[in-house]
Amino acid sequence: MALTYSKMTALGSMAPDFHLPAANPSLDGPDNEMRELSDFAGGKALVVAFICNHCPFVVHMEDALLGVARAYQTRGVHFVGISANDARMYPADSFENMARRAHEKSYPFSYLYDETQEAAVAYGAACTPDIFVYDEALILVYRGRFDETRPGLGAAHGGDLAQALDELLDSGTVTMDQVPSMGCNIKWK
């Protein structure tokens, strides 16, 4: 594992489009359906989380992320998870294992596979987890860490992400300090 920090993509950027297969397609559409950015538009906000199955930083915060997603989906926030890791080198992150993980953990959002890694490049994702929050116009208003915890250093709670979402939903802007996410590097081909 190479410890990597997020690139902190420029605020005000538009959410890049994507066309990716869902590992848990029956969640929000027909089986084997591809998902596009427009499938997640129309909410009060959109959270795009670059995650994977094997990274200890993602495993550490996974249950808390699912809890934050469930809580904020009731407030009109859409969530999507994307794995861009090279599954040939990291088989735990294969499409089949993504589907298994999404089912076992009852993911409340689509878990997409970016096999070409084009979406990760377009978003400026560098690590897992790498979190991006877009407003209802799909303009980037937050990017950075989930919270201050790390594997072995406190229980994950999602305080940074929750604060960003609360500020966005309550006032339409995010004014909090934004700290880069930290985790495993994306496993590039």
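This is a short talk on a three-stranded sheet, the helix packed on it, and one buried aspartate in a loop. Keep in mind that the model is predicted.

I'll start with the sheet. It is open, has 3 strands in the order 1-10-7, and the pairing is antiparallel. Strand 1, residues 3–5, and strand 7, residues 127–128, are the edge strands, each pairing on one side only. Between strand 7 and strand 10, which covers residues 182–185, there are 2 bridges, and these two strands run antiparallel. In that pair, C127 sits opposite N185 of strand 10.

What packs on this sheet? Helix 1, residues 56–73, does, touching strand 1, strand 7 and strand 10. The direction of helix 1 makes about 130 degrees with that of strand 10.

Now helix 1 itself. Helix 1 has 18 residues and spans 25 Å from first C-alpha to last, close to the 26 Å expected at 1.5 Å a residue. Helix 1 also has a kink of about 50 degrees, centred on E62. E62 is one of the buried residues of helix 1. Others on that list include F57, V58, M61, L65, L66 and Y72.

Last, D86. Where is D86? It lies in the loop between strand 5, residues 77–83, and helix 2, residues 95–104. D86 counts as buried because its relative accessibility is 5%, and the cut-off for buried is under 20%. A polar atom of the D86 side chain lies 3.1 Å from the backbone nitrogen of R88. Beyond its neighbours within four places in sequence, D86 is in contact with Q117, K187, W188 and K189.

Key: Residues are numbered from 1 along each chain as its sequence is written. This is a predicted model: local features need pLDDT of at least 70, side-chain atom pairs count only at pLDDT 80 or more; totals for chains, interfaces and linings use all residues. Side-chain values use heavy atoms; hydrogens and water are left out. Two strands pair if DSSP finds at least two bridges between them. Helices (H or I, at least four residues) and strands (E, at least two) are DSSP runs, numbered from the N terminus. Contact means heavy atoms within 4.5 Å. Axes are lines fitted to C-alpha atoms, for helices over the stretch in contact, and angles run from 0 to 180 degrees between N-to-C directions. The expected span of a helix is 1.5 Å times one less than its number of residues. The bend at a residue is the angle between axes fitted to the seven residues ending there and the seven starting there. Buried means under 20% relative accessible area, exposed over 50%, partly exposed in between (1.4 Å probe, protein chains only). A polar contact is a pair of N or O atoms within 3.5 Å; within protein, one must be able to donate a hydrogen and the other to accept it, and residues adjacent in sequence count only if both atoms are side-chain atoms.
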